[in-house]
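Here is a short set of exercises to work through with the model open beside you. Try each task before reading its solution.

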Amino acid sequence: MRQKQCTHIHQTIKRTMTNKKYILGVYEDEDVLLHAIENIRAAGTKIYTVFSPYPVHGIDDALGIERSRLPIAAFLYGLTGLSFALWMQIYMLGFDWPMIIGGKPHIALPAFIPVSFELTVLFTAHGMVITFLIISGLYPKLKVPVMDVRSTDDKFIMAIEVKEGVTDVNKLNSLLRDNGAIEVNEKEVTK
Amino acid sequence: MIEERLSIAKRTSNRFLFMIGLGLVFLIVGIFITMNSTGHHGGGHGEEAAAAAEGGHHAITWVNRLFSNLWLNNVYFIGIAVIGLFFTAVQYVAYAGWSVPIKRILEALAAYLPIGGILLLIIFLVGKHQLFHWTDETLYIKDNANYDPILAGKQSFLNQPFYLIRMVVFIGAWIFFDWWLRKQSLNEDLNGGLEYYHKSIRISAIFLVVFGVTSSMSAWDWVMTIDSHWFSTLFAWYVFSSWFVAGLAATTLTAIYLKQAGYLKVLNANHLHDLGKFIFGFSIFWTYLWFSQFMLYWYANLPEEVVYFQERFHGYDGHYAWIIFGILFLNFAFPFLVLMTRDAKRQMIMLKIVCIVVLFGHWLDFYQMIMPGTLRGESGFGFIELGALLLFLGVFLTVFTRRLASASLVPVNHPFLEEAVHHHV
């Protein structure tokens, strides 16, 4: 199965869209992949992304992916929900339509806590999911280019973008192979 | 994996002995101060409180204050000890791998159980009339002026022989399961193999069932019956959660100290992260229980139920109000806000601060559970409180560190040790 030459898979789509070319390194082993990522990044090559059949521990750090800032957003959504809940209850039961319930004061904070808690959770949960969908660009009918279908089975695919005139494809090819890639392919993706 | 033996410097164990000695000195000084001050100051308050209390209590003296503090600290440290055993059992039943580095700390916490159990028995036998209103025999005599039909109705459960039997059985069961699990754990170190692990799982499963019943009933017996007329179906869980957070904080604090002293090489930020999550989560759980108990009683406003919170919020000129708000801050707001981020849970200094705050917060939680019932408005913070705390802390740390040093800090033949080394969150 060892092919010395790159297999060129040209997609002959000629539209007015931008085509991007990727070099794909195929890996079979998780540990080999993690070492390869370290070495390739150390060699100054920018990795576009890695496709994996399952979550690999430590791959985020190896790829240098920054931690998500979603928790900060979540905290702010929570604060919003809490403020909204407290404002709503204090305004409704304290000012807009005061009622005596169970002989308690109009603004009886202990009674407001369950609702405040629920609305905090509701705002946080919905806010997080919606934010996540938007910043990840996940919307209906999203087309995701499949680089190599085997990344859904038992292979890890490392994609490196080829910049015309900048990237030395042959050098990249040998860099990937030296670091344990069993195959190196090329793929053009229409965006 | 290499064995790690903790060696305790002579200086450290002397420091614990010094703690015990200082605690005793403080207790004696505190007793003398309280003895002299209750003469004129406490008199007026005492009469007032005595008049207000049902059943005609005697005035509060230094004896009450002494026994309340001994009881408070003993119950608190027994709780931490039994949580060590409980959490070990949970780890076994859950087939947990992450917790292997802290397993020996959990086991060592339970070393206080025998001493704590004996002290509990002694303090009860000597100081029962100072601590528990229901131990007054005249309450159950029909023609007596003190006759209390409500407590007489509870007599089939709340009588001294049965109470003592329960105390001995509960503590005995905990000590027995601790001995049984610890034996498996030490034999595993020597001989290896999966046999001890599987046996530990079976023992743990039985213990958890036993603990479910005994932890609830011990919380009623040792804490709730101080307010003899009052009851709460949620109270057992409330006490358990307070014990649990304190136990987790004690475990985390020990793990950090050992790590900083160069031990526990297996332990890293990932394990601390998990412990931090436990402290964070169960602090919220404690708050949830506190609030669930409070809100229903506040809302229903039934006199026999709400009296408990009346006493703590408004009673004795708001004597306990600041403690109630204080524990909500120390045990909820503080750990909730400080441990919220991932980075905080992975940093030793942050965890250390939170652990110390939470340990104090839950001690204070037990303070407000016990003191209003035993001392009414006469409690305080002085030499007696500090002395009793130092005394029990010294004893606890002595037996705890002794057991910690008696075996390898890393359970070398634990089947999940390798998994724990590679633990990653």
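**Exercise 1. Find the domains of chain A in this predicted model, and state how far apart their centres lie.**

Solution. Start with the assignment: domain 1 of chain A covers 19–67 + 144–190, and domain 2 covers 70–135. Domain 1 is thus written as two stretches of sequence, 19–67 and 144–190. Next, take the C-alpha centres of the two domains, which are 46 Å apart.

**Exercise 2. Work out how the radius of gyration of chain A stands against that of a compact globule of 191 residues.**

Solution. First, the expected value: a compact globule with 191 residues would come out near 16 Å. The value for chain A is 26 Å. Now look at the extent of the C-alpha trace, which spans about 85 × 40 × 30 Å along the principal axes of chain A. Finally, check burial: 18% of the 191 residues in chain A are buried.

**Exercise 3. List the secondary structure of chain A in sequence order.**

Solution. Begin with the totals, five helices and five strands. Walking along the sequence then gives β-β-α-β-α-α-α-β-α-β. To see how the chain comes together, turn to the contacts of chain A with a separation of 6 or more: 83% of them join residues 24 or more positions apart.

**Exercise 4. Decide which parts of chain A deserve caution, using pLDDT.**

Solution. Take the average first: chain A has a mean pLDDT of 86, and 91% of its residues score at least 70. Then compare elements. Confidence in chain A is highest in helix α3 (residues 70–96), at 96, and lowest in strand β1 (residues 7–9), at a mean of 41. Across residues 1–15 of chain A, pLDDT stays under 50. For that stretch the model has 15 contacts beyond four places in sequence.

**Exercise 5. Describe the overall build of chain B.**

Solution. Count the elements: chain B has 16 helices and zero strands. Its radius of gyration is 22 Å, close to the 22 Å that the globule rule gives for 425 residues, so chain B is as compact as a globular protein of that length. The C-alpha trace of chain B spans about 70 × 45 × 40 Å along its principal axes. As for burial, 43% of the 425 residues of chain B count as buried. Last, among contacts in chain B with a separation of 6 or more, 82% come from residues 24 or more positions apart.

**Exercise 6. Locate the largest nonpolar core and name the residues with the most contacts inside it.**

Solution. This core has 112 residues, and Leu109(B) and Ile279(B) have the most contacts inside it. Helix α2 (residues 62–93) of chain B gives the most to the core, with 18 residues. Now zoom in on Ile279(B), leaving aside neighbours within four places in sequence. Its contacts include Val245(B), Leu248(B), Ala249(B) and Thr252(B). Pro335(B), Leu339(B), Val354(B) and Val358(B) are also in contact with Ile279(B). A second, separate core holds 21 residues, among them Ala36(A), Ile40(A), Met147(A) and Ala181(A).

**Exercise 7. Where do Lys141(A) and Asp317(B) lie, and is each buried or exposed?**

Solution. A reminder helps here: most residues other than glycine have a negative phi. Lys141(A) is not a glycine, yet has a positive phi of about 65°. Lys141(A) lies in the loop between α4 (109–135) and β4 (156–162) of chain A. With 4 other C-beta atoms within 10 Å, Lys141(A) is exposed, because 12 or fewer is the cut-off.

Asp317(B) also has a positive phi, about 55°, although it is not a glycine. This residue belongs to helix α11 (residues 315–318) of chain B. Asp317(B) is exposed too, with 9 other C-beta atoms within 10 Å.

**Exercise 8. Characterise the contact between the two chains and the scores of the model.**

Solution. Count residues on each side: five of chain B are in contact with six of chain A. On the chain B side, four are nonpolar, one is polar and none is charged. The model scores ipTM 0.81 and pTM 0.89. For chain B, the average pLDDT is 91, and 95% of the residues score at least 70. One stretch to treat with care is residues 40–56 of chain B, where pLDDT stays under 50.

Definitions and conventions: Residues numbered from 1 in each chain as written. Chains lettered and ligands numbered in written order. Predicted model: local features only at pLDDT ≥ 70, side-chain atom pairs only at ≥ 80, totals over all residues. Helix = DSSP H or I, 4+ residues; strand = E, 2+ residues; numbered from the N terminus. Rg over C-alpha atoms; globule rule 2.2 N^0.38 Å. Buried ≥ 20, exposed ≤ 12 C-beta atoms within 10 Å, placed from the backbone. Contact = placed C-beta atoms within 7 Å. Core = buried A, V, L, I, M, F, W, Y, C linked by C-beta atoms within 7 Å. Nonpolar A, V, L, I, M, F, W, Y, C, P; charged D, E, K, R; others polar. pLDDT = per-residue confidence, 0-100. Domains from an automatic or database assignment.
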